Amino acid sequence: MNQPRFYCREVLAPGAHIDLPEPVARHAVRVLRLPPGAPVVLFDGRAGEYEARIERIEKDRVVAALGAWRDVERESGLVVTLIQAVQSGEKMDYTVQKAVELGVSHIVPVDSRRSVARLAGERAARRVAHWQGVAAAACEQCGRNRVPQVAPVEKLESWLARPSGGALRLMLAPDAEQSLVDLPAAKRVELLIGAEGGLDPQEIVAAHQVGFQPVRMGPRTLRTETAGLAALAAMQALWGDFRGG
């Protein structure tokens, strides 16, 4: 875990010699100042990771030589999809980064009625690409070898029309009658979090109609950038890999 880790979308294979992607090469040479021969770890998001070394550094490229593939996975057995109403400013970056560190499997940004930030068209596509990069960088840091997918932005009403596929569906509410400890252990969860103003009452009703259960995380109202992460950590402690073993 002490060696620099880099995500490469290209399919990797033992013994291959590859040009590192431009952002990865720039970070390796200009930020980390890695010299030729420096050991690194590369992963392509498909499973496991590869031992590698910086083979040579040229003006416009950095070439890495791949060694053995290691069957290393750091995924949680708890599969959580975070349905997050789009947050303003850098809050969404923070949420994506920390959710990945906490083991989230999928992130679905949705446009809710109380969302401060409004994204559509090309602007939405650019933000999703940016958040996907944030997720990849978080995997580099935390040791994950599978990069969670950030889905395209869509209306919350549209997403709620989809079938659950059997997952436990949860949304946070300070006045809910039950907490996470009152629920049976789950393996798949869909967690719905509102934006800065929370979910609109009509959205709460619509979510409840398709199986989302309100749960409380203590008596306090949590900010949008706190709520999902606190719930993820609690679920990992109750049902996921925070328990160890």
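Start with helices H2 and H3 of this predicted model: H2 passes H3 in a right-handed crossing. Their axes lie 8 Å apart and make an angle of about 40°. To see what fills the contact, show side chains on both helices. From H2, select Met-92, Asp-93, Val-96, Gln-97, Val-100 and Glu-101. From H3, the contributors include Arg-127, His-130, Trp-131, Val-134 and Ala-135, along with Ala-138 and Cys-139.

**Next stop: the sheet**

Switch to a cartoon view and look for an open sheet of five strands, with mixed pairing, in the order S1-S3-S4-S5-S2. Which strands are at the edges? They are S1 (5-7) and S2 (17-19), each of which pairs on one side only. Going from one strand to the next, the twist averages 40°.

Now zoom in on S3 (residues 39-43) and S4 (residues 49-57), which pair in the antiparallel sense over four bridges. Click on Val-40 and then on Ala-52 in S4, its bridge partner.

Bring the helices back into view. Helix H1 (residues 22-31) packs on the sheet, where it touches S1, S4 and S5 (62-70). The direction of H1 makes about 160° with that of S1. Helix H3 (residues 121-142), which you met at the first stop, packs on the sheet as well, touching S1 and S3. Its direction makes about 155° with that of S1.

**Next stop: the charged pairs**

Side chains of opposite charge can pair when their charged atoms come close. This model has 20 salt bridges by the rule used here, and three of them make good places to pause.

Select Arg-70 and Glu-49 first; their side chains meet in a salt bridge, 2.9 Å from N to O. The two residues are 21 apart in the chain, Arg-70 being in strand S5 and Glu-49 in strand S4. Is each partner buried or exposed? Arg-70 counts as partly exposed because its relative accessibility is 27%, while Glu-49, at 3%, counts as buried. Keep this pair on screen and add Arg-5, Glu-51 and Arg-74: together with Arg-70 and Glu-49 they are linked in a network of salt bridges.

Move on to Arg-146 and Glu-73, whose closest N and O atoms are 3.6 Å apart in a salt bridge. Arg-146 sits in the loop between H3 and S8 (149-150), and Glu-73 in the loop between S5 and S6 (79-85), so this pair ties together parts that are 73 residues apart in sequence. Both ends are partly exposed, with relative accessible areas of 35% for Arg-146 and 33% for Glu-73.

For the third pair, pick Glu-190 and Arg-169, where the closest N and O atoms of the salt bridge are 2.6 Å apart. Glu-190 belongs to strand S11 (residues 188-193) and Arg-169 to strand S10 (residues 168-172), so the pair ties together parts 21 residues apart in sequence. Glu-190 and Arg-169 are both buried.

**Last stop: helix H6**

Finish by selecting residues 224-239, which form helix H6. Its 16 residues reach 23 Å from the first C-alpha to the last, close to the 22 Å expected. Colour the buried residues of H6, among them Thr-224, Ala-227, Leu-229, Leu-232, Met-235 and Trp-239. What covers them? The cover includes S6, S10, S11 and helix H2 (91-101), so called up again from the first stop.

How values were computed. Residues numbered from 1 in each chain as written. Predicted model: local features only at pLDDT ≥ 70, side-chain atom pairs only at ≥ 80, totals over all residues. Heavy atoms only, no water. Pairing = 2+ DSSP bridges. Axes fitted to C-alpha atoms, helices over the stretch in contact; angles between N-to-C directions. Contact = heavy atoms within 4.5 Å. Salt bridge = Lys/Arg side-chain N within 4 Å of Asp/Glu carboxyl O. Buried < 20%, exposed > 50% of the residue type's maximum accessible area, 1.4 Å probe, protein only. Expected span 1.5 Å × (residues − 1). Left-handed = near helix turned anticlockwise from the far one by under 90°.
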